Amino acid sequence: MEGRQLEYKIRFLPGWVEVVQEEDVVPNRRALITGATGLLGRAVYKEFKDNSWHVVGCGYSRARPRFERVDLLDAAAVEALVQDFKPHVIVHCAAERRPDIVENQPESASLLNVGASENLAKEAAKVGAFLIYISSDYVFDGRNPPYREDAVPNPLNHYGKTKLEGEKVVLQNNEDAAVLRVPVLYGDVEKLEESAVTILFDKVQFSNKSANMDHLQQRFPTYVKDVATVCLQLTEKKLQNPSLKGIFHWSGNEQMTKYEIACAMADAFNLPSSHLRPITDEPVGETPRPRNPQLNCSKLEQLGIGQRTPFRVGIRESLWPFLVDKQWRQTVFH
Ligand SMILES: NC(=O)c1ccc[n+]([C@@H]2O[C@H](COP(=O)([O-])OP(=O)(O)OC[C@H]3O[C@@H](n4cnc5c(N)ncnc54)[C@H](OP(=O)(O)O)[C@@H]3O)[C@@H](O)[C@H]2O)c1
C-alpha cells in the first residue's frame, strides 16, 4: 500500500510567500460511503476521513450541503458517481433498516436493499473497488445462537429477507466483495428515534412514568464507531491481502434485553430505574424478530480486527446531549 502523502499549496501574500499544508490526505486512497447521512454511515465517513482517506459520502433526503445527493435507485447516477470518483473502497451503508416499514412496504424496500445493492456491486467490480455491504443479524432466526458466518440463515421478517437477498446479489455480482453482518446499532443520533437503542432513553429519564420493557429478546448493542473502525481495518487488510472476501460478523459482546439496556442507560447516567418493568411475554401482533441472533465474531478476531467500546461508555458519549436534567449531568460529568 502507498505511504501517506501531504499536499501543499503555495499562497502569495503581500510581502511574502507561504507554503500551506492543504490537507493531510493520500489522494490515491479513495473511499465512497453510501448512507453517509445515516447512523452508521456518518461514523464510517468520519473514520475514513480521520485516517487520511479521500472520502466522498452520499446521502439522499439529508445529503445537502455536506454530501453528494445520489438516489441509489437511479442506476445512471450511480454509474456516473463511481466512474468519476473511481473509489478503492465502497462501504455500502444505505438501506431501509426499519423492520416495521419494510413489513408494510416490501417492494420499495427490496428496490433499495436488494436492487440498488446489486447495481452497486456491479459498478464496484467495473472499477475494481472493494465493496463492503453492511448486513444484519436479522438474517438468522435466533433459535440456535451463536451464529458463525457459515451458519444457515433463516430470516423471520421481510427486512431480514431483503438483507439476505442483498448479500446474495452482492456476492454473485462481485466475487471480491465483503458482507459485514452487525446487530442493533447505537451512536451519535440526530434524534433519539434514529436507533432502536437510543429510542429507549426518554422512557428511562422520565422516571415519573412506569415503562414496560421487553425482557425476552437478547440483543448485543453495538457502537457505530466500533463498526466504522472494523470497516477501516477490513479495508486496510484487504489492501494487504486481496484474497480477503466473503461474509464477516461484528458485534458488541454485552448481551442484554431491552429492559437491561434501559437499566444500563440509567446506570450510565446515574438515573433511577425502579420505574422500568421487565416484560417476558411473547410479543403479539408485531413484526417477528429473532429471539437471540448472537453473532460469533471469531473470524474477524483471528484476523486481528475489532474494537469494542463498553456499552456504558458508548451510550454516555451518544446520549449526553439528550439528557434533560442538568443536575444529573453535573453529577456525572463534573
Ligand atoms: N441501525 C441498526 O440497528 C442496524 C442493525 C443491523 C444492521 N444495520 C444495517 O446497517 C446499515 C446502516 O443502517 P443505519 O441505521 O445507519 O441506517 P439509517 O440511519 O436509517 O440510514 C439509512 C441511509 O440510507 C440512505 N438512503 C435511503 N434511501 C436512499 C436512496 N434511495 N438513495 C440513496 N440513499 C438512500 C439515507 O439517506 P437520507 O437519510 O439522506 O435520505 C440514509 O443515509 C444498513 O445496511 C442496515 O441494514 C443497521
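**Exercise 1. Which residues does Thr280 touch, not counting residues up to four places away in sequence?**

Before the solution, two conventions should be stated. Residues are numbered from 1 along each chain as its sequence is written. The model is a predicted one, in which local features need pLDDT of at least 70 and side-chain atom pairs count only at pLDDT 80 or more, while totals for chains, interfaces and linings use all residues.

*Solution.* Step 1: locate the residue. Thr280 sits in the loop between strand S13 (276-279) and helix H9 (298-302), where helices (H or I, at least four residues) and strands (E, at least two) are DSSP runs, numbered from the N terminus.

Step 2: list the contacts. Apart from residues up to four places away in sequence, Thr280 touches His215 and Leu216; two residues are in contact if their C-beta atoms, placed from the backbone, lie within 7 Å. His215 is 65 residues from Thr280 in sequence, yet the C-alpha atoms of the two are 5.1 Å apart in space.

Step 3: assign the burial class. A residue is buried if 20 or more other C-beta atoms lie within 10 Å of its own, exposed if 12 or fewer, and partly exposed in between, with C-beta atoms placed from the backbone. Thr280 counts as exposed because it has 9 C-beta neighbours inside 10 Å.

**Exercise 2. Carry out the same analysis for Lys238.**

*Solution.* Step 1: Lys238 belongs to helix H7 (residues 224-240). Step 2: Lys238 touches Phe130 and Leu244, not counting residues up to four places away in sequence, and the C-alpha atoms of Lys238 and Phe130 are 7.9 Å apart, although 108 residues separate the two in sequence. Step 3: Lys238 counts as partly exposed because it has 18 C-beta neighbours inside 10 Å.

**Exercise 3. Establish the strand order of the open sheet and trace its pairings.**

*Solution.* Step 1: the order. The open sheet is formed by 7 strands in the order S5-S4-S3-S6-S7-S8-S12, with parallel pairing. Its edge strands, each pairing on one side only, are strand S5 (68-69) and strand S12 (246-249). Two strands pair if DSSP finds at least two bridges between them.

Step 2: the pairing at S5. Strand S4 (residues 54-59) and S5 run parallel and are joined by 2 bridges, and Cys58 stands opposite Glu68 in S5.

Step 3: the pairings of S6. S3 and S6 run parallel, joined by 4 bridges, and Leu32 has Ile90 in S6 as its bridge partner. S6 and S7 also pair in the parallel sense, over 4 bridges; Ile90 stands opposite Leu131 in S7, and His92 stands opposite Tyr133 in S7.

Step 4: the pairing of S7 with S8. S7 and strand S8 (residues 178-182) run parallel and are joined by 5 bridges, with Ala178 in S8 as the bridge partner of Ile132.

**Exercise 4. Is S7 largely enclosed or exposed?**

*Solution.* Step 1: count the buried residues. Of the 7 residues of S7, 7 are buried, so S7 is largely enclosed by the rest of the structure.

Step 2: separate the faces. In a regular strand the side chains alternate between the two faces of the sheet. Phe130, Ile132, Ile134 and Ser136 lie on one side of S7 and Leu131, Tyr133 and Ser135 on the other, and all are buried.

Step 3: examine S6 in the same way. Val89 and Val91 point one way from S6, Ile90 and His92 point the other way, and all are buried.

**Exercise 5. Relate helix H1 to the sheet, the core and the ligand.**

*Solution.* Step 1: packing. H1 lies across strand S3 (30-34), S4, strand S6 (89-92) and S7, and runs at about 170 degrees to S3; axes are lines fitted to C-alpha atoms, for helices over the stretch in contact, and angles run from 0 to 180 degrees between N-to-C directions.

Step 2: the core. A nonpolar core is a set of buried Ala, Val, Leu, Ile, Met, Phe, Trp, Tyr and Cys residues joined through C-beta atoms within 7 Å. The largest one has 90 residues, and Val44 is among those with the most contacts inside it. Leaving aside neighbours within four places in sequence, Val44 is in contact with Ile33, Val91, Cys93, Ala228 and Cys231.

Step 3: the ligand. Helix H1 (39-50) and strand S7 (130-136) each supply at least two residues of the shell around the ligand, and H1 gives the most, with 3 residues. The shell has 30 residues, of which Gly38, Gly59, Tyr60, Ser61 and Ala95 come nearest; a residue is near a molecule if its C-beta atom, placed from the backbone, lies within 6 Å of it.
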